[in-house]
Amino acid sequence: MTGRASKFGVAVSVCVAAGLTLAISVLVAAIPRARAQSNATLTPTFYRDVTPILQQHCQSCHRPGQVAPMSLITYDETKSQALAVATAAKNRAMPPWFADPHVGLFANDPSLTPREIETLVGWANAGAPSGDSHDAPAPVDWAATGNWRIAPPDLVVTMPKPVELPADGEVEYTYEIVPSGFTEGKWVQMSEVRPWSPENVHHAVVYVRPPDSKWLRHAPVGVPFTASDMTDEADRHDTHWTDSDILLVYAPGSSPDNWQGGLAKFVPAGSDLVFQMHYTTNGHAGSDQTSVGLIFAKQTPTQRVLTLQLTNDHFVIPPGAPEYRVEARGTLPNDATLLSFFPHMHLRGKRFEYNLIHREKNSDARQDQEVETLLDVHYHFHWQMSYRLAEPRSLKAGAELQAVAWFDNSRDNPHNPDPEAAVRWGEQTYDEMMIGFFDVAVAANLDKKNYFIRH
């Protein structure tokens, strides 16, 4: 199940924000008036009732310097958005979460409870009263972590040289190789990517290149480069494909990695961290110098986390097709514990499904196939999220996993760049991708290469 791990326009894992789309002008006639309450003290207030919800579900993104378009920290900031917040909550548009609620349970589901939704709607309908500021919980001290969403990192690795970005046009996938300087192997329990210019960073992937890897060995170190900068055909190929392990992926709305319970990712001594950056232009020239923060495990983990994938890059989506199906399958070469999923498509992405295939021989010595759906996502390109199982699933060697993607190349898709085009695999957003990333836990002494040796 190795395959394309570097050619994807990821926007990765999880956001518990209240969302980018609250910047639109919201018509709130659809919000029903809360039932009259005989006791005025039951009316929700900002400090007592709303602030705890915002702290838990919204402020990780809705604060200064983050991806969301407005801050929801203070009363004055939030009051002006009260009806928009209530509408998004009532419609379950925010916080973003796209898994079918009837399929699987996920530990990182940020969805509001019915009681929380009722609180936000009731507060807005009551005129957004402030209440007593002494009722507020202690504010989250984002500055204490340097505005990192993880704890203060043990190490911050930054791209050594800024990438200069044009105002318009396409930007090739850009790479920058950074030596880790590790004299011993490091177990990474938490990690977070922080773009310098989030308005330009469509996605970022940080790969681990161990010292014995030949991947991108002729590429420059410490300076940005693209496939066009490579003079050798093999080197150009290396910018389009790798089987190197992934430390972390980032996209607007994604959340950091936080592995607990004896789990961590491993960076061997002498490794390089390879930043893969997909930039988009926005009409203004700029620059970016992305960083990744790392927190190391305090003791040796019992299991190592690997990021694997199911990929199909040989499809052609016909013009106008409203629901074109693409699938990929693979079997696990060794035992593993399934932890989480991260589906990736582009603007024509509609649905993505992960299945476990059970096969049994029937009385005629033929095999019957039973499909167990593990995740069913109504795909949203601008909120590409990871889905972490509430109960990790132990799988034996030979377990068969299937990823199925559906694409909408019709005019009914408002994000479709060109419904008249036949669409193939490609790195730009007007192309398409079909990648079903998933994380597994394996024995701590198994790296990705040796995990794929079948016994």
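# Close-up views of a predicted model

**Figure 1. Overview of the chain.** The chain contains six helices and 19 strands. The model is predicted. Of its 455 residues, 53% count as buried. The exposed surface of the chain is about 20,300 Å². Carbon and sulfur atoms supply 51% of that area. The structure holds zero disulfides. The salt bridge count comes to 16.

**Figure 2. The largest nonpolar core.** This core has 63 residues. Phe-341, Tyr-387, Met-434 and Phe-438 have the most contacts inside it. Strand S19 gives the largest share of this core, five residues. S19 spans residues 435–443. In soluble globular proteins, nonpolar side chains tend to be buried together.

**Figure 3. Surroundings of Tyr-387.** Tyr-387 is one of the residues with the most contacts inside the largest nonpolar core. Which residues is Tyr-387 in contact with, leaving aside its neighbours within four places in sequence? One group is Trp-97, Phe-98, Ala-99, Phe-106 and Asn-108. Another is Leu-339, Ser-340, Phe-341 and Pro-343. Leu-375 and Val-377 complete the list. Phe-341 is itself among the residues with the most contacts inside the core.

**Figure 4. A second nonpolar core.** This core is separate from the largest one and has 24 residues. Val-163, Leu-165, Phe-275 and Leu-294 are among them.

**Figure 5. Gln-276 and its polar partner.** Gln-276 is found in strand S9, which covers residues 272–279. Is Gln-276 buried or exposed? Gln-276 has a relative accessible area of 0%, so it is buried. The side chain of Gln-276 joins that of His-203 in a polar contact of 2.7 Å.

**Figure 6. Helix H3 and its cover.** Helix H3 spans residues 82–90. Seven of its nine residues are buried, so the rest of the structure largely encloses this helix. The buried residues are Ala-82, Ala-84, Val-85, Ala-86, Thr-87, Ala-88 and Ala-89. What covers them includes helix H2 (75–79) and helix H4 (114–125). Arg-92 follows H3. The phi of Arg-92 is positive, near 55°.

**Figure 7. Val-423 in its loop.** Val-423 lies in the loop between strand S18 (400–407) and strand S19 (435–443). Because its relative accessible area is 3%, Val-423 counts as buried. Val-423 and Val-316 are 107 residues apart in sequence. In space, their C-alpha atoms are 5.5 Å apart. Which residues does Val-423 touch, not counting residues up to four places away in sequence? Phe-315, Val-316 and Ile-317 are among them. Arg-348 and Asn-409 also touch Val-423. So do Tyr-430, Asp-431 and Glu-432.

**Figure 8. Cys-58 and Cys-61.** Both cysteines count as buried. The relative accessible area of Cys-58 is 6%. That of Cys-61 is 2%. The structure as a whole holds zero disulfides.

**Figure 9. The Asp-257 to Arg-388 salt bridge.** The side chains of Asp-257 and Arg-388 meet in a salt bridge, at 3.9 Å from N to O. This pair links distant parts of the chain, 131 residues apart. Asp-257 sits in strand S7 (residues 257–258). Arg-388 sits in strand S17 (residues 387–395). Asp-257 has 8% relative accessibility and counts as buried. Arg-388 is partly exposed, with a relative accessible area of 21%. Side chains of opposite charge can pair when their charged atoms come close.

**Figure 10. A salt-bridge network around Arg-329.** Arg-329 forms a salt bridge with Glu-327. The closest N and O atoms of that pair are 2.8 Å apart. Glu-400 also forms a salt bridge with Arg-329, with the closest N and O atoms 3.3 Å apart. Glu-400 lies in strand S18 and Arg-329 in strand S13 (residues 324–331), so this pair ties together parts that are 71 residues apart in sequence. Which residues belong to the network joined by salt bridges that share partners? Arg-325, Glu-327, Arg-329, Arg-359 and Glu-400 form one network. Glu-400, at 12% relative accessibility, counts as buried. Arg-329 is partly exposed at 33%. Glu-327 is partly exposed at 25%.

Notes:
Residues numbered from 1 in each chain as written. Predicted model: local features only at pLDDT ≥ 70, side-chain atom pairs only at ≥ 80, totals over all residues. Heavy atoms only, no water. Helix = DSSP H or I, 4+ residues; strand = E, 2+ residues; numbered from the N terminus. Buried < 20%, exposed > 50% of the residue type's maximum accessible area, 1.4 Å probe, protein only. Polar contact = N/O pair within 3.5 Å; in protein donor to acceptor, adjacent residues only side chain to side chain. Areas by Shrake-Rupley, 256 points an atom, 1.4 Å probe, with all protein chains shown as cover. Contact = heavy atoms within 4.5 Å. Disulfide = S-S within 2.5 Å. Core = buried A, V, L, I, M, F, W, Y, C linked by side-chain atoms within 4.5 Å. Salt bridge = Lys/Arg side-chain N within 4 Å of Asp/Glu carboxyl O.
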